[in-house]
Amino acid sequence: MDCIIKIGFSLALKGIIQKLVDNAQSYNILVRSDEWRVAVNLEAKINNKRVCEDLCPGCLEFERTAKMFVDFTQSISRTNDKNENLINKLRSTFLLSEEKDPVSLAMDLIAAPIYVKSKIEKDNIEKIEDYAREIQGAIYALALDHYLHEQAKCSGRLLSHGELEQKQVISYERITILEGQKIFYADQNFISKYGSDSNLKIQVDNFKSRVGCNFIFSPYVIEDGIKMNRVRLKEYLESVESLTDCIMLVRSGETLTLAKEDIHKTFNRVILWRDATRAAEDQKIFKMLYNHWGYSHFSRGSKFSKRANDNIIELFESLRPHLIDMDHEIEFDDFESDPALCVRLNAYTIEKSFTLHDLVSLQITPENDLHRIELIDELCDFLDFINYKTEALSEQDKIRSSLQDAEHLKHAWLADYFITDDKRLRARGELIYSVIGVKTKFINRGELKGLMINALQNQQ
């Protein structure tokens, strides 16, 4: 019974930790909330707080989550004890002498820094600033610990689906297309529009039949479709089938190849992997949140991120002169100078198959198809890290969809054209493809119409 109660307690405490990370000032509200009372009552019912002999998930999660919260509260308590003289003065100044909870006291003292500093002696201003930084450090540590743990749990979920590769049914056949025929890779938005806009469908079908070209997709287009309203799914699959004749790009060994398969069998395989896909999407969200807290100098809205989004090529050019000497020491709190940025960005690329010098030079040569796919994945991760054309952290559904965007880029490079109206995807894709020497051209729906008109006129 203890193991089951521990699961409930961990879930309640996880919710409290998440709210603290979102807004540490909510602590005084949380300690009076139903969530807090549930957590306290559940903890009181746990007889044995040690991990059971079976090492069950409930016990392991309880130990990890409880330790996370205890580390946070103890860190606050140690900071209060270290600053005892200052704290005592602040207690009397602000009528906080009766507050027994060290965390509640700390949150009150750092909630209004300008007001607090206006009410204390000048000799204590620097001390309260140092105190506030230490408390903020404890909050940062809690956030990092929380999001690192959530990433690890997502990895565990992914590993639990290891048998799916054996369970999935693959019935596609490799195909070849006539030499010289153009290939158009379509994303979910274009396919949806093709299905709902009868005029566009007539134009595209006429173009296909008269010019002789192929519109293709990847299974990740099906994943995108599943996220839509389910009552539209049947119509969406019919649109995929009509537009592409079920021709898709798939990985086969170390290569990417064209193949054809019944759309419903492809759909069934995507459904089989749906829980694993959700785990990967969740992991991406938690990684983005971890990076936001752990590397705030590269976070969305930071000076660096603004430079990157204004003109990333210009940013790379500004870093180039500092690539020669990457071993020089930098100031610990220097997060803005170009030499410091080079050192920090270079550290992030250490485990990748490209160097910062390669990226800044805008020239990375893939060894084969598999390496090209790996490079696209790594470059997407790097652009996420520096928040180049990323989604707001509040837009979690869009962050989840960006996982499929990366998969589209890992497939569409074999096509001549990638049709998308997604400006963020296009900007990231054009940069990545240019760096690794991929010639695929990104076009939106309007540009496709212009291309079709020109091609048809040239036939007359």
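Helices here are DSSP runs of H or I, at least four residues long, numbered from the N terminus. One more thing before we start: this is a predicted model.

**Exercise 1. Find where D397 and R400 sit, and work out how their side chains meet.**

Step 1: Look in helix α21, residues 396–412, which holds both D397 and R400.

Step 2: Count along the chain. D397 and R400 are 3 residues apart, about one turn of the helix. An α-helix has 3.6 residues a turn, so residues three or four places apart point the same way.

Step 3: Check the contact. The side chains of D397 and R400 form a salt bridge, 3.7 Å from N to O; the cut-off for that is 4 Å.

Step 4: Compare their surroundings. D397 is exposed at 58% relative accessible area, whereas R400 is buried at 13%.

Step 5: Zoom out. D397 and R400 belong to a network of salt bridges that also links R157, R278 and D282.

**Exercise 2. Decide whether K234 and E238 are buried, partly exposed or exposed, and describe how they pair.**

Step 1: Go to helix α13, residues 233–244, where K234 and E238 lie 4 residues apart, about one turn of the helix.

Step 2: Read the accessibility. K234 has 61%, so it counts as exposed; E238 has 40%, so it counts as partly exposed.

Step 3: Look at the side chains. K234 and E238 meet in a salt bridge, at 2.7 Å from N to O.

**Exercise 3. Trace a salt bridge from E61 to its partner in another helix.**

Step 1: Start at E61, in helix α4 (residues 57–82). E61 is buried, with 16% relative accessible area.

Step 2: Find the partner. E61 forms a salt bridge with K153, and their closest N and O atoms are 3.2 Å apart.

Step 3: Place K153. It is in helix α8 (residues 125–159), 92 residues from E61, and the pair links distant parts of the chain. K153 is partly exposed at 27%.

Step 4: Put the pair in context: the structure holds 36 salt bridges.

**Exercise 4. Work out which residues of helix α17 are buried, and how they are arranged.**

Step 1: In α17 (residues 312–319), pick out the buried residues: I312, L315, F316 and L319.

Step 2: Look down the axis. Those buried residues fall within an arc of 100°, so they line one face of the helix.

Step 3: See what covers them. The cover includes α16, α18, α19, α20 and α22.

Step 4: Check the N-terminal end. N311 caps α17 there, with a side-chain oxygen 3.3 Å from the backbone nitrogen of I313.

How values were computed:
Residues numbered from 1 in each chain as written. Predicted model: local features only at pLDDT ≥ 70, side-chain atom pairs only at ≥ 80, totals over all residues. Heavy atoms only, no water. Buried < 20%, exposed > 50% of the residue type's maximum accessible area, 1.4 Å probe, protein only. Helix = DSSP H or I, 4+ residues; strand = E, 2+ residues; numbered from the N terminus. Arc of directions from axis to C-beta. Contact = heavy atoms within 4.5 Å. Polar contact = N/O pair within 3.5 Å; in protein donor to acceptor, adjacent residues only side chain to side chain.
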